[in-house]
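Hi there,

Here is the structure I promised to pass on. Please have it open while you read my notes below.

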Amino acid sequence: MSAVTLLPYADFLGIQVHGERDGAPLLVMPFSEGLLNLQGSLHGGAVSGLLEIAAIAAIDATLEDREQARAIFKPITVTVDFMRPGVPADVYACGEVVRVGGRIANVAVTAWQGDPERIIAAARMNLAIGAPGGQ
């Protein structure tokens with residue numbers, strides 16, 4: 001099972017695995033008119049959703065026992081910083097796992113369009129992973 005298929009929201013946004021970047025899944029959210037807000041830029045909720053799914057995909061790629069971890073795979077905290085408005089174009093995102101412990105995982109994620117150096121949003125996310133009562 002692909003990490004992206006963990007959440008129905010990924011399918012709703014059309015998010016796909018586009019490859020790999022620094023060992024983590026590189027995701028793409030293809031542009032569609034439904035992703036725009038009333039001002040004509042990408043909706044922050046859609047960009048935040050992409051960041052969250054990229055974080056989960058990055059952590060999922062590091063886990064040895066993925067099925068057990070998915071038993072409780074829940075966000076604890078998510079902080080999103082919006083750097084610049086997203087334009088009507090595909091958005092890419094990739095997570096960098098900071099630490100995976102027995103019950104908590106920490107990941108940093110960035111999203112961009114075109115140039116990876118021109119980040120449109122970044123997030124830090126802490127997730128509960130693993131079975132209750134685990135390490």
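Let me start with a pair of residues: Tyr 92 and Trp 112 are both buried. Please keep in mind that this is a predicted model.

The rings of Tyr 92 and Trp 112 are part of a short list, as a search of the whole structure finds two aromatic pairs. One of them is formed by Tyr 9 and Phe 12, which are stacked with 6.2 Å from centre to centre and 15° between the planes. Tyr 9 and Phe 12 are three residues apart in helix H1 (residues 8-13), so about one helical turn separates them. How covered are these two residues? Tyr 9 is partly exposed, at a relative accessible area of 36%, while Phe 12 is exposed, at 68%.

Back to Tyr 92 and Trp 112: their ring centres are 6.3 Å apart and their planes meet at 20°, so this pair is stacked. Tyr 92 belongs to strand E4 (residues 91-100) and Trp 112 to strand E5, so the pair ties together parts that lie 20 residues apart in sequence. Trp 112 also has a charged neighbour, since Arg 21 lies over its face, at 4.6 Å from the ring centre.

From strand E5 it is a short step to its partner. Strand E5 (residues 104-112) runs antiparallel to E6, and nine bridges join them. In the E5-E6 hairpin, six residues sit between the strands, and Gly 114 takes a positive phi near 75°. Which other strand is joined to E6? Strand E3 (residues 74-82) is, through eight bridges, and these two strands also run antiparallel. Strand E6 itself (residues 119-128) is mostly covered, with seven of its ten residues buried.

Two neighbouring positions in E6 show these pairings nicely. Val 80 has Ala 123 in E6 as its bridge partner, and Thr 110 stands opposite Ala 122 in E6.

Ala 122 deserves a closer look. Is this residue of strand E6 buried or exposed? Its relative accessibility is 14%, and because the cut-off for buried is under 20%, Ala 122 counts as buried. Leaving aside residues up to four places away in sequence, Ala 122 touches Leu 51, Thr 79, Val 80, Asp 81, Met 83, Val 109 and Thr 110. Ser 48 is 74 residues from Ala 122 along the chain, yet their C-alpha atoms are separated by 8.8 Å.

Happy browsing, and do write back with any questions.

Best wishes

Methods:
Residues numbered from 1 in each chain as written. Predicted model: local features only at pLDDT ≥ 70, side-chain atom pairs only at ≥ 80, totals over all residues. Heavy atoms only, no water. Buried < 20%, exposed > 50% of the residue type's maximum accessible area, 1.4 Å probe, protein only. Helix = DSSP H or I, 4+ residues; strand = E, 2+ residues; numbered from the N terminus. Pairing = 2+ DSSP bridges. Contact = heavy atoms within 4.5 Å. Phe/Tyr/Trp six-rings, centres within 6.5 Å; stacked < 30°, edge-to-face > 60°. Lys NZ or Arg CZ within 6 Å of the ring centre and 35° of its normal.
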